[in-house]
Structure formats: C-alpha cells, structure tokens
Amino acid sequence: MAVMIESMVNRRFPVLLAAVALTAAACGGADGTSSSAPSPAAPPASGQPSAQSSGPPAKQEQTREVTLEVDGTGKLMQPIVYIAGDQGTESDATLPWKKTVTLELTPAEQEVGVLISIIPGSFRDSGGKLVPGECRILVDGEEVATNEGGESMCKHTLH
C-alpha cells in the first residue's frame, strides 16, 4: 500500500509543480515583479480629484397625503374595500364617505410604485335599485383616479 501511495505522489508532483509555476506567471511573473501598468483604482498622479461622478443623489423618503372618497346618498348595502398603505373595509358606512391617510414612501416604493385602490360598495338609489358608489382618489389634493365610465373600482399607482 505504501508503495502505491509513493508512486501516485511521484507521478502527480510534476503536474502540481507546473500548476504552481503557471499561477505565479499569471500573477505577475516568476521573478516576483509585477507589471509596471498603473492600478485602475490608483488616484490621479496630479493629486487632483477624479472627474468621475458619484451618480445621482440618493432619494429620500417622501410623504404623500392620499384621500379616498365614495359619493352617493344613504347607507351602503355592500362594504367599501380599500388599499392605501394598509387595507381595510367599511361595512357600515353612510355616504358620502371619506378617508385620508398619510403614506411614507421609501426610495424603492417611489421607483416601483405603490398600489392605491378602492372598491366603492353599493347603495340603493331613489328607485330602490342597487347601484355602485362613485369613487375617486386624490393625492396631495389632486384627483388621480375615478370610476366614471362604469368602472367597478378606482385604482392608482403612487410613485
């Protein structure tokens, strides 16, 4: 067994030695010197700052005021369902209905957006017919979505 191990070591030693020599040559030469080319991370020789820009300034958190509204008259027969930061329902609301929340948007949320939505629920009109409430979403006082035109909900992606 010892003879077999010694034979394996003797056969692999030249291969191992060649691998070490090639690695040393690739890393700067076998004589221990390195290339005379300057390092890419080295500062400019003139002592002046680099002309490279550090990129755009980092975004900060942003505060937005979001108002959800449902218009109509009387008592709702179906609940209002909304998403505005948190999600919630209002099952015993009297119309008109309004909810205002303040949202803090992280830089990532500003980039990809945050969904704001409201399903307005239904109420009985003067003829007793069940009709959906009219909804709208305002961001910082500006209307950004309504369900005019027969839509069943209001939705907006806030950036």
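## Strands 8 and 9

In this predicted model, strand 8 (residues 134–139) and strand 9 run antiparallel and are joined by four bridges. One residue to look for here is V139, whose bridge partner in strand 9 is E142. The loop between these two strands holds D140. D140 has a phi near 50°, a positive value in a residue other than glycine. Most residues other than glycine have a negative phi, so this loop is worth a look on your screen. With a relative accessibility of 43%, D140 counts as partly exposed.

## The open sheet

Strands 8 and 9 belong to an open sheet of four strands, in the order 4-1-8-9, with antiparallel pairing. Strand 4 (94–105) and strand 9 (142–146) stand at the edges; each has a single partner strand, so one side of each is left without a neighbour in the sheet. From one strand to the next, the twist averages 20°.

## A hairpin earlier in the chain

Strand 2 (residues 80–84) and strand 3 (residues 86–90) also run antiparallel, and five bridges join them. Y82 has G88 as its bridge partner in strand 3. The two strands form a hairpin with one residue between them, and G85 in the turn has a positive phi of about 85°.

## The nonpolar core

Now to the inside of the protein. The largest nonpolar core has 24 residues, and those with the most contacts inside it are V66, L68, W97, I116, I118 and I137. At least two residues of this core come from each of strand 1 (62–75), strand 2, strand 4, strand 5 (114–119), strand 8 and strand 10 (154–158). Strand 4 gives the most, with five residues.

W97 is a good residue to click on. Apart from its neighbours within four places in sequence, W97 is in contact with L68, E69, V70, I80, Y82, E90 and I118.

## G72 and a cis proline

G72 lies in strand 1. Its relative accessibility is 14%, and because buried means under 20%, G72 counts as buried. Leaving aside neighbours within four places in sequence, the contacts of G72 are L95, P96 and F123. G72 and G133 are 61 residues apart in sequence, yet their C-alpha atoms are 5.7 Å apart in space.

Two of those contacts of G72, L95 and P96, are linked by a cis peptide bond, with omega near 0°. Most peptide bonds are trans. P96 has its place in strand 4.

## The largest pocket

If you are looking for an opening in the protein, the largest pocket has about 160 Å³ of space. Its lining consists of E69, V70, D71, P96, W97, E134, C135, R136, E143, T146, N147 and E148. The elements that give two or more residues to this lining are strand 1, strand 4, strand 8 and strand 9. Both P96 and W97, met above, are in the lining.

## The chain as a whole

Stepping back, the protein chain has two helices and 10 strands. Starting at the N terminus, its elements run α-β-β-β-β-α-β-β-β-β-β-β. Of its 159 residues, 24% count as buried. Among contacts with a separation of 6 or more, 61% are between residues 24 or more positions apart.

Conventions: Residues are numbered from 1 along each chain as its sequence is written. This is a predicted model: local features need pLDDT of at least 70, side-chain atom pairs count only at pLDDT 80 or more; totals for chains, interfaces and linings use all residues. Side-chain values use heavy atoms; hydrogens and water are left out. Two strands pair if DSSP finds at least two bridges between them. Axes are lines fitted to C-alpha atoms, for helices over the stretch in contact, and angles run from 0 to 180 degrees between N-to-C directions. A nonpolar core is a set of buried Ala, Val, Leu, Ile, Met, Phe, Trp, Tyr and Cys residues joined through side-chain atoms within 4.5 Å. Buried means under 20% relative accessible area, exposed over 50%, partly exposed in between (1.4 Å probe, protein chains only). Contact means heavy atoms within 4.5 Å. On a 1 Å grid over the protein atoms alone, a cavity is a set of points where a 1.4 Å probe fits but cannot get out, and a pocket is an open set with protein on both sides within 12 Å along at least five of seven lines; lining residues have an atom within 4 Å of a point. Grid points are joined across faces, edges and corners, and a volume is the space filled by probe spheres set on the points.
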